[in-house]
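Me: I am new to this structure and would like to go through it in short questions. Please keep the replies plain.

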Amino acid sequence: MTAHPVIMVGFTWTSVAAIGAFQPDASVIVIEEPDVIRKRGLRSELRGAEVIGELVECEYQLAGAADAFHRAHPDLAPTAIAPMVEDATLFAARLAECYGLPGAGLCAAEVLHDKSLLRGVTRAAGIPNPESQAVENPEQAEAFMRAHPGPVVLKPADRQGAVGIRVLRSADEVDEAWAECAAECAALSGSVWMPDRQVPVRMLVERYVRGREYSVEMLVSAGRTLFGNVTEKDLYPGPRPVERGHLVPADISAGLDTLLREQTERVVRAVGFGTGMVHCEWIVEAGTPYLVECAGRPPGDEIAELIEWAYDTELVRAFWTLLRGEPLARPLPRRARQAAAVRFLGAPAGVVASLDGLAAAYAVPGVMVCRFLVEPGARTREPHHSLDRVGYTISCAATPAEAVRRAEEAIGRLRIGMRPAPVAGS
């Protein structure tokens with residue numbers, strides 16, 4: 001194997017591109033599930049990624065996988081280990097412990113990965129959480145709704161990307177929503193993004209919190225915050241809370257900015273997070289931030305890239321520097337120098353026939369990135385979760401409003417030609 005490598009657990013092109021900007025060629029090992037490597041064709045796809053030294057097959061989502069990997073490779077001597085996707089957080093945390101490297105810590109990773117456990121730990125620490133209950137069947141969800149009048153959220157306890165989440169306003173919706181959630185999770189397990197084995201679904205039902213949504217991204221070293229940012233979120237309308245866009249930094253008062261950062265630091269302390277990055281989501285209702293969930297990994301949805309554009313800093317490099325146990329060469333900036341926004345593109349149900357408009361979108365002033373996430377022939381549907389989105393644009397501007405306006409204009413210039421999906425059996 002590569003000598004003294006950096007280890008990335010879970011593959012994403014965004015993370016490979018980011019680390020490729022500063023890591024030497026052939027210095028990174030990517031660990032991925034065998035089924036995912038096969039279904040995504042990663043061995044051929046990664047041949048052009050010069051930073052990747054090896055692609056290693058490992059069923060890392062299974063219990064005990066990190067210890068087994070360490071026993072098989074005791075002399076590997078990695079310099080840093082990090083998860084790139086949510087399902088890699090437990091393996092990466094334990095593997096870092098095995099090799100004596102900085103990381104989140106397995107206990108913290110276990111709490112953050114389990115939304116039900118996170119509710120209990122943070123509620124005990126006095127952090128506001130919506131009323132919530134683990135449920136095993138639709139009848140228990142209906143009972144919760146009778147005891148807590150008003151809308152509720154039904155969601156899996158250990159999934160990401162808004163998979164299987166529904167806002168319910170009536171108990172009459174529970175059976176259909178429960179079946180849809182189970183189907184969504186099963187479909188994801190059979191997709192190119194996940195191993196083929198089925199993972200049992202554990203469900204939560206909780207009070208629907210009304211308010212604006214934000215996330216806080218923090219770079220943490222041995223429990224101490226070195227950098228923080230507040231991101232403002234925009235969601236698609238409807239009963240599925242899928243994110244349509246993000247704005248960095250959030251266009252909010254200094255008081256709310258401070259409060260969200262302070263509450264996130266309380267979460268970091270409550271779960272005993274060690275070193276790495278946290279991405280903590282909040283809904284502010286009547287001035288009170290309620291915890292939605294918190295991930296012990298870098299954020300998805302291009303948020304890390306937005307932060308780098310807005311703050312003119314190398315956040316990803318700083319993240320890997322801390323995981324190597326090294327001090328930062330210089331402090332990260334406390335304030336953004338400009339605003340950066342991302343807007344995602346959805347598509348109706350059908351099959352993609354054509355893609356156009358990238359040149360027109362790039363012609364919008366301040367637009368930095370425009371990208372389609374599908375190719376002709378792909379099946380699409382209105383977004384049920386994050387993986388259903390089909391493209392995005394990133395823009396920068398001097399003000400938050402202008403950054404959002406530019407991203408919206410650019411996304412409006414992207415064109416997807418559609419044709420009806422074939423009817424099953426036809």
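The questions and replies below go through a predicted model, part by part.

Me: How many disulfides does the model have?
Reply: A disulfide needs two cysteine sulfur atoms within 2.5 Å. For C98, the nearest cysteine sulfur belongs to C58 and is 12 Å away, so C98 is in no disulfide. The count of disulfides comes to zero.

Me: Is C98 buried or exposed?
Reply: Buried means a relative accessible area under 20%. The relative accessible area of C98 is 17%. Because that value is under the cut-off, C98 counts as buried.

Me: And C181, is this residue buried or exposed?
Reply: The same kind of value is used here. C181 has a relative accessibility of 1%. With the cut-off for burial at 20%, C181 is therefore buried.

Me: How many of the 10 residues of helix 5 are buried?
Reply: Helix 5 covers residues 89-98. Its buried residues are T89, F91, A92, A93, L95, A96 and C98. Strand 1, strand 2, helix 4, strand 4 and helix 6 are among the elements that cover them. Helix 5 is thus largely enclosed by the rest of the structure, and the number of buried residues is seven.

Me: Which residue with a positive phi follows helix 5?
Reply: Helix 5 ends at residue 98. After the helix comes a residue whose phi is positive, near 70 degrees. That residue is G100.

Me: Is helix 5 roughly parallel or antiparallel to helix 6?
Reply: The two helices pack at an angle of about 175 degrees, and their axes are 8 Å apart. Angles over 145 degrees count as roughly antiparallel, so helix 5 and helix 6 are roughly antiparallel. The contact involves T89, L90, A93, R94 and E97 of helix 5 and L106, A109, E110 and H113 of helix 6. The word for the pair is roughly antiparallel.

Me: Is helix 6 roughly parallel or perpendicular to helix 7?
Reply: Helix 7 spans residues 115-124, and its axis is 5 Å from that of helix 6, at an angle of about 110 degrees. Angles of 65 to 115 degrees count as roughly perpendicular, so that is the term for this pair. E110, V111, L112 and H113 of helix 6 meet K115, L117, L118 and V121 of helix 7. The helices are roughly perpendicular.

Me: Which strands stand at the edges of the sheet with the order 5-8-6-7?
Reply: This open sheet has four strands with antiparallel pairing. An edge strand has a single partner strand, so one of its sides is left without a neighbour in the sheet. The edges are strand 5 (132-135) and strand 7 (166-168).

Me: Which residue of strand 7 is the bridge partner of V153?
Reply: Strand 6 covers residues 152-156 and pairs with strand 7 in the antiparallel sense over three bridges. Helix 8 (residues 138-147) lies across both of these strands, as well as strand 5 and strand 8. The bridge partner of V153 is V167.

Me: Which residue stands opposite D356 in strand 19?
Reply: Strand 15, strand 17 and strand 19 form an open antiparallel sheet in the order 17-15-19. Strand 15 (residues 350-356) is joined to strand 19 by five bridges, and one bridge pairing there is S354 with G417. Strand 15 also pairs with strand 17 over two bridges, where V351 stands opposite R379. Opposite D356 stands R415.

Me: How many bridges pair strand 9 with strand 12?
Reply: Strand 9 (residues 212-221) is mostly covered, with eight of its 10 residues buried. Eight antiparallel bridges join strand 9 to strand 10, and in their hairpin A222 takes a positive phi near 50 degrees. Strand 9 also pairs with strand 12 in the antiparallel sense, with S215 opposite E281. The number of bridges to strand 12 is nine.

Me: Which side chain is joined to that of R297 by a polar contact of 2.8 Å?
Reply: R297 is in the loop between strand 13 (288-295) and helix 11 (303-311). R297 is buried, with a relative accessible area of 11%. The side chain that R297 contacts is that of E86.

Methods
Residues numbered from 1 in each chain as written. Predicted model: local features only at pLDDT ≥ 70, side-chain atom pairs only at ≥ 80, totals over all residues. Heavy atoms only, no water. Buried < 20%, exposed > 50% of the residue type's maximum accessible area, 1.4 Å probe, protein only. Pairing = 2+ DSSP bridges. Contact = heavy atoms within 4.5 Å. Axes fitted to C-alpha atoms, helices over the stretch in contact; angles between N-to-C directions. Polar contact = N/O pair within 3.5 Å; in protein donor to acceptor, adjacent residues only side chain to side chain. Parallel < 35°, antiparallel > 145°, perpendicular 65-115°, else oblique.
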